[in-house]
Each structure stands twice: as C-alpha cells, then as structure tokens.
Amino acid sequence: MPKTLAIIWYSATGGSRQLAEAARDGALDAGGVDVRFLPALKAEADDVLAADGYIFVCPENLAAIAGGMKLFFDRTYYPLLGRIEGRPYAAMICAGSDGTNAQKQLERIATGWRLKRVADTRIVNVDAQTPEAIMAEKTIGEDALAKAREMGAMLAAGLEVGVF
C-alpha cells in the first residue's frame, strides 16, 4: 500500500498556494505515494492521521503564522497529540519581509506533535512592505517554485523508500 503525503496549506494572496502547488507537483512527479492537497480551512485531524508525512505551507501575517493555518492547528493539535509522533514533515512560509517568527511558531507546534523535520523550513520573502503590496496577489519566482517542487519530490521519495 503506498504511503500518503499530505500538503496542508493556507493562502490569502496566492503566494503560499503557488508554493503548495509546486510541492504537490514535485511529489506527483516523483511518484510512488498518494498526495493529498488539503486547504487548511478544510483539513481535519482524520486527514492528518491518514497521512504518513506532511508539508505545511502558509504565509506570515503580523509576525505569526496566518490565521487560517493557525485555525487548522487549533482544531487539530490536541486531537492528534500523541498519535502522529515520529512522522516526517517539512514547511514553507511565504513572508513579506522576515518570516522567522512564523517559522518558529510552526516548528514549535510540530515539535509538540513530535514530528520529525526532514528539511529546513523554507522562507520565501516576497518583499511586500506597503499595505497595497501586502494585500496584492503574489507571484512567486521560478527559483522558489523549483525549490518547492524539490521539497515535494524529496518528501515523496523519502516516504516511498522508507528513509523517514
């Protein structure tokens, strides 16, 4: 039975969605695993339990993970506590300028679940500094999308051969 990779994402202005889609495409191209592409606002604890590994993707808002992703973690954290320990994960943050606080927050949640980080958390800086730029639809550059595809492919391949 193939392993399952869940890509759980939230995006308000499109940047995180593009990164999540690229990770999905990389995982599908690698083959060998089932890929579930789950918007954070719809993902539930059962979706997380059904997966063998995860990629979490979200924007940073006000120096924290965006509310939609935070809501996912709020809904699922305690129902999953002690039930997914040791499973691999990776994460990407789409940030206007920094992203490190969102990274720390997401990694702290994953540590609480006792997940195993198998790649450095990627922060993609879109350099949005004005209210107009912050609220505008984002376009992620090809270099960042290629790295997101690599992350998806790496997680899929690692799950398939059992290195995680």
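Alanine 63 sits in the loop between β3 and β4, the latter spanning residues 64–65. In this predicted model, alanine 63 has a positive phi of about 65°, although it is not a glycine. That is worth a second look, because most residues other than glycine have a negative phi. Alanine 63 is also partly exposed, with a relative accessible area of 40%.

Where else does a residue other than glycine have a positive phi? Arginine 114 is one such place, with phi near 65°. Arginine 114 lies in the loop between α4 (100–112) and β6 (116–117).

**The chain as a whole**

With these two loops in mind, let us step back. The chain holds 6 helices and 7 strands. Following the sequence from start to end, you meet them in the pattern β-α-β-α-β-β-α-β-α-β-β-α-α. The radius of gyration is 15 Å, close to the 15 Å that the globule rule gives for 164 residues, so the chain is as compact as a globular protein of that length. Along the principal axes, the C-alpha atoms fill a box of roughly 50 × 35 × 25 Å.

How much of the chain counts as buried? Of the 164 residues, 49% do. The accessible surface comes to about 7,800 Å², and carbon and sulfur atoms account for 50% of that surface. Contacts often link distant parts of the sequence: among those between residues at least 6 apart, 84% join residues at least 24 apart.

**The start of the chain**

Now for a closer look at the beginning. Proline 2 lies in the segment before β1. Proline 2 has a relative accessible area of 44%, so this residue is partly exposed, the range for that class running from 20% to 50%. Leaving out residues up to four places away in sequence, proline 2 touches Gly32, Val33 and Asp34. Proline 2 and aspartate 52 are 50 residues apart along the chain, yet their C-alpha atoms are separated by 9.7 Å.

Threonine 4 belongs to strand β1, which covers residues 3–9. Is threonine 4 buried or exposed? Threonine 4 has a relative accessible area of 11%, and is buried because that value is under 20%. Beyond its neighbours within four places in sequence, threonine 4 is in contact with Asp34, Arg36, Ala50, Ala51, Asp52, Gly53 and Leu159. Asp34 thus appears among the contacts of threonine 4 and among those of proline 2.

**The end of the chain**

Phenylalanine 164 is placed in the segment after α6 (142–161). Phenylalanine 164 is partly exposed, at a relative accessible area of 29%. Which residues does phenylalanine 164 contact, once neighbours within four places in sequence are set aside? They are Pro88, Lys116, Val118, Met154, Leu155, Gly158 and Leu159. Leu159 is therefore a contact of phenylalanine 164 as well as of threonine 4 in β1, by the heavy-atom cut-off of 4.5 Å.

**Alanine 128 and the largest pocket**

Alanine 128 is found in the loop between β7 (122–125) and α5. At 9% relative accessibility, alanine 128 counts as buried. Apart from residues up to four places away in sequence, alanine 128 touches Gly96, Ala133, Ile134 and Lys138.

Two of those partners, Gly96 and Ile134, lead us to the largest pocket, where they are among the residues nearest the centre, along with Pro59, Glu60 and Asn61. This pocket has a volume of about 400 Å³ and is lined by 21 residues. Which elements each supply at least two residues of the lining? They are α1 (15–30), β3 (53–61), β5 (88–95) and α5 (131–135). The largest share, 3 residues, comes from β3. By kind, the lining divides into 10 nonpolar, 8 polar and 3 charged residues.

**Pairs across the chain**

To finish, here are three pairs of residues, with how far apart they are along the chain and between C-alpha atoms.

| Pair | Apart in sequence | C-alpha to C-alpha |
|---|---|---|
| Proline 2 and aspartate 52 | 50 residues | 9.7 Å |
| Phenylalanine 164 and valine 35 | 129 residues | 16 Å |
| Alanine 128 and leucine 81 | 47 residues | 35 Å |

Notes. Residues are numbered from 1 along each chain as its sequence is written. This is a predicted model: local features need pLDDT of at least 70, side-chain atom pairs count only at pLDDT 80 or more; totals for chains, interfaces and linings use all residues. Side-chain values use heavy atoms; hydrogens and water are left out. On a 1 Å grid over the protein atoms alone, a cavity is a set of points where a 1.4 Å probe fits but cannot get out, and a pocket is an open set with protein on both sides within 12 Å along at least five of seven lines; lining residues have an atom within 4 Å of a point. Grid points are joined across faces, edges and corners, and a volume is the space filled by probe spheres set on the points. Helices (H or I, at least four residues) and strands (E, at least two) are DSSP runs, numbered from the N terminus. Ala, Val, Leu, Ile, Met, Phe, Trp, Tyr, Cys and Pro count as nonpolar, Asp, Glu, Lys and Arg as charged, and the others, Gly among them, as polar. Buried means under 20% relative accessible area, exposed over 50%, partly exposed in between (1.4 Å probe, protein chains only). The radius of gyration is taken over C-alpha atoms; the globule rule is 2.2 Å times the number of residues to the power 0.38. Accessible areas come from the Shrake-Rupley method with a 1.4 Å probe; for residues, only the protein chains shown count as cover.
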